Amino acid sequence: MHDHLLAPLDLGFTTLRNRVIMGSMHTGLEDFDLPRLAAYFARRAEGGVGLMITGGFSISPDAPLAPGSAEIISDSDAEKHRVITDAVHAADGKIVIQLLHAGRQAWNPNMVAPSAKKSPIYPFTPRELTPEEVEGEIDNFANAAAKAQKAGYDGIEVMGSEGYLLNQFLTERGNEREDEWGGDFARRMRFPVEVVRRIRAAVGPNFIIVYRLSMLDLVPDGQSFDEVIELAKALEAAGVTIFNTGIGWHEAQIPTIATPVPRGAYTWVTRKVREAVSIPVAASNRINMPDDAERILANGDADLISMARPMLADPDWVNKTAEGRTNEINTCIGCNQACLDNTFNMLLSSCLVNPQACHETELVYLPTMAKKRIAVVGAGPAGLAFSSVAAERGHDVTLFDGASEIGGQFNIAKQVPGKEEFHETIRYFGAMLDKHGVKRQLGQRVSADDLRDFDEVVLATGIVPRALELEGADHAKVVSYLDVLRDHKPVGKRVAIIGAGGIGMDTAEYLSHDHGTPSTSTDIDAFCRFWGIDQTLQARGGVAGVAPENMPSAREIYLLQRKAKKIIGPGKTTGWIHRATLIAKGVNLMPGIQYEKVDDAGLHIRLADGSAKVLDVDQVIICAGQEPQRELQAGLQALGKQPHLIGGADVAAELDAKRAINQGARLAAEI
Ligand code: FAD
Ligand code: NAP
Ligand code: SF4
């Protein structure tokens with residue numbers, strides 16, 4: 001079934017056991033706890049990954065993403081990394097370390113770059129490197145590679161994408177030099193080529209050099225595709241072993257990895273590079289399941305598949321594939337909520353669907369020594385996570401839900417365009433319930449009395465939507481998001497949505513989509529047209545001069561909130577995508593609104609400037625947050641039972657699936 005994916009790759013001096021690369025991710029562990037990082041990588045090596053790439057390590061004091069970021073510069077740095085390479089090799093894995101120079105893309109007042117040009121998304125203006133310093137940074141790359149070799153790594157990855165220093169040299173966007181390092185493309189590309197040449201000279205022939213090549217910059221003054229190919233050929237000649245795909249500078253305003261990006265959305269670019277070079281090329285970005293990975297390899301788009309977040313979500317991804325257990329894969333849903341969002345919030349990375357990720361040494365599911373009969377009420381994310389972990393540990397678990405299927409609110413969310421991956425989480429938990437023998441009692445709401453014989457009761461009953469105190473709240477025009485998304489009540493051509501949190505935005509997305517046409521989150525051509533990506537690869541950076549196709553909604557939609565601040569989705573790294581999508585679809589985003597009443601004329605509001613307005617709409621949809629659903633708690637307490645509360649049943653404010661699953665898994669690990 002997955003012959004291409006599982007085939008070894010002979011690199012001449014070493015062999016990778018399969019075609020799966022775990023791409024680089026900065027987890028936060030790099031900066032303070034290498035033994036814990038070693039446990040994290042060892043777990044993935046045990047899971048069968050062919051080659052792993054660490055997060056980025058700075059190659060010089062000028063290079064870090066932020067002051068104090070981890071570096072690989074000295075012999076003592078190399079010594080500290082031994083714990084990682086030893087742990088990975090003991091598990092028969094291979095690992096390379098990513099060498100990073102952030103250039104101007106850093107939170108670092110002392111940053112340096114080819115030219116003193118500020119990045120639009122970072123606060124500081126870099127200092128221009130002198131010609132001597134340019135030479136010095138190239139030597140620093142070579143030195144870092146030598147230290148990596150000393151530390152026992154199987155190779156290095158040069159970070160040559162996402163807009164970091166090497167990209168800054170390559171384009172006029174970052175490089176306005178007129179010396180031998182700038183001016184025309186031949187001189188701009190000297191820096192990365194020289195970096196690889198000197199690394200190869202420092203490490204000898206039998207050491208893997210992966211080069212993360214920015215194949216599509218997604219910024220208008222990025223590289224042309226002809227330049228990408230010219231660079232790739234020169235890098236190959238300089239000694240690169242494997243090209244990895246990089247898509248988009250961090251400065252790009254096009255999504256590259258989040259859920260609204262279709263699976264395998266960029267492999268058509270990788271294919272074009274692969275046709276031009278003779279070394280192996282890895283495809284990446286939103287590849288998360290074995291069938292897709294196999295198809296990409298079988299099509300000839302790539303020689304390897306690089307997946308980063310999917311390995312956070314499931315360290316056993318490769319072994320499960322090899323053993324024909326793909327239905328047991330815990331699929332990365334591309335949400336960014338616990339990985340990238342955590343990183344940007346200065347927190348340790350983890351994974352929404354797998355709270356053990358980066359917590360391997362601390363959140364451990366040990367077999368129970370005291371088997372209990374446990375009732376779990378509610379088969380949403382919290383109840384599912386609890387049930388599967390508790391049963392895996394050996395408890396006797398019965399899972400109740402009033403609905404006829406498991407999933408809770410994920411069954412509502414999965415219908416929203418861009419949230420198709422939520423199907424996979426429900427599928428995964430279903431497989432885990434079966435595997436660990438959880439008894440399902442679906443389609444019946446339980447009473448406290450039904451639960452009296454259990455040793456422990458866990459209430460994972462979720463939430464009830466918050467009701468609004470508003471004149472006319474009982475008018476026929478007023479419906480809740482459950483009426484629309486769960487019960488599919490008819491909705492007219494003009495709607496106002498009260499509440500612009502995650503659910504309000506998703507409701508707007510759902511209603512603005514023409515459900516007869518391909519979704520931009522599942523159809524690659526529609527995605528590229530919507531975001532203005534040139535699939536012919538004629539446009540500079542893949543975007544210059546390409547007008548995005550707006551795809552306006554057939555409905556007139558008003559998305560309202562009381563707060564005066566900009567309406568943007570909940571995710572730190574994804575909110576902007578939801579906002580841009582809704583604007584492109586013509587949704588009216590209206591902050592600073594006071595609600596006055598609903599009547600036959602529509603929704604009466606007061607605008608931020610104090611003026612009155614009536615929105616003549618067919619429906620007013622309430623998405624005004626949620627309250628805990630705890631209807632069974634008092635009855636259980638009357639029976640002398642003290643139920644455990646998890647997920648929305650515990651705290652509804654700022655509830656999301658990350659907290660629900662984490663709380664469920666942690667309670668199950670202890671009970
Ligand atoms: P729920 O998922 O609400 O599950 C509770 C379950 O309990 C339900 O199945 C219910 O039928 C059952 N139940 C209640 N009472 C009883 C009873 N007496 N007897 C039997 N069964 C009972 N979160 C994110 O993190 N990221 C997102 O992108 C995201 N998108 C969302 C989009 C939408 C449209 C919606 C609606 C939600 C979204 N969420 C998202 C929120 C996320 O789904 C919730 O945070 C999560 O489902 C809460 O999990 P839970 O297990 O606490 O409760
Ligand atoms: P939410 O994010 O708390 O948003 C509630 C919205 O209702 C806010 O816009 C709030 O804005 C408004 N509101 C609150 N009380 C109100 C009142 N009394 N009258 C009028 N408006 C009121 O809640 P949610 O949208 O229901 O989402 C529930 C949870 O699921 C959230 O924690 C959310 O993060 C999570 N979720 C996440 C995603 C995701 O993509 N990550 C998607 C969906 C849901 P004002 O107070 O300014 O009016
Ligand atoms: Fe994937 Fe979301 Fe987990 Fe990140 S948090 S690894 S995007 S499922």
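**Ligand 3**

I started with ligand 3 in this predicted model. I listed what surrounds ligand 3 and found Arg-309, Leu-312, Cys-332, Ile-333, Gly-334, Cys-335, Asn-336, Ala-338, Cys-339, Cys-351 and Leu-352. I then sorted that shell by class. Eight residues are nonpolar, two are polar and one is charged. The cysteines in this list count as nonpolar, and Gly counts as polar. Where does ligand 3 sit? I found ligand 3 in the second largest cavity.

**Aromatic rings**

Next I turned to the rings. How many aromatic pairs does a search of the whole structure find? My search gave eleven. I took one of them, Phe-410 with Phe-422, for a closer look. The ring centres of this pair are 4.3 Å apart. The planes make an angle of 40°, so I logged the pair as tilted, since stacked needs under 30 degrees and edge-to-face needs over 60. I then asked which helices hold the two rings. Phe-410 belongs to helix α15, residues 410-413, and Phe-422 belongs to helix α16, residues 422-435. The pair therefore ties together parts that are twelve residues apart in sequence. Are Phe-410 and Phe-422 buried or exposed? Both are buried.

I also noted an aromatic cluster made of Phe-169, Trp-181 and Phe-191. Trp-181 came up again when I looked for charges over rings. Arg-190 lies over the face of Trp-181, 4.1 Å from the ring centre. I recorded another case at Phe-454, where Arg-373 lies over the face at 4.5 Å from the ring centre.

**Positive phi**

I moved on to the backbone. Most residues other than glycine have a negative phi. Leu-218 is not a glycine, yet I read a positive phi of about 60° for it. I placed Leu-218 in the loop between β9 (208-216) and α8 (225-238). Its relative accessible area is 3%, so I entered Leu-218 as buried.

Glu-654 also went into this entry, with a positive phi near 55°. Glu-654 lies in the loop between β27 and α22 (657-670). Is Glu-654 buried or exposed? Its relative accessible area is 78%, so I entered Glu-654 as exposed.

**Single residues and their distances**

I looked up Pro-643 next. Pro-643 is in the loop between α21 (633-638) and β27 (644-645). The relative accessible area of Pro-643 is 9%, and that is under the 20% cut-off, so I call it buried. I checked Pro-643 against Ala-460, which is 183 residues away in sequence. Their C-alpha atoms are 10.0 Å apart in space.

Arg-286 followed. I found Arg-286 in the loop between β11 (281-283) and α10 (290-298). At 6% relative accessibility, Arg-286 counts as buried. I paired Arg-286 with Asp-600, 314 residues apart along the chain. The separation is 46 Å between C-alpha atoms.

I then went back to helix α16, where Leu-433 has its place. What is the relative accessible area of Leu-433? I read 0%, so Leu-433 is buried. Leu-433 and Glu-392 are 41 residues apart in sequence. From C-alpha to C-alpha I noted 8.9 Å for that pair.

My last residue was Leu-485, in helix α17 (residues 481-486). Leu-485 is buried, with a relative accessible area of 3%. I compared its position with His-436, 49 residues apart along the chain. The C-alpha atoms of Leu-485 and His-436 are separated by 32 Å.

Conventions:
Residues numbered from 1 in each chain as written. Chains lettered and ligands numbered in written order. Predicted model: local features only at pLDDT ≥ 70, side-chain atom pairs only at ≥ 80, totals over all residues. Heavy atoms only, no water. Near = heavy atom within 4 Å. 1 Å grid on protein atoms, 1.4 Å probe; cavity = no way out; pocket = protein on both sides within 12 Å on 5 of 7 lines; lining within 4 Å. Sits in = over half its atoms within 2 Å of the grid points. Phe/Tyr/Trp six-rings, centres within 6.5 Å; stacked < 30°, edge-to-face > 60°. Helix = DSSP H or I, 4+ residues; strand = E, 2+ residues; numbered from the N terminus. Buried < 20%, exposed > 50% of the residue type's maximum accessible area, 1.4 Å probe, protein only. Lys NZ or Arg CZ within 6 Å of the ring centre and 35° of its normal.
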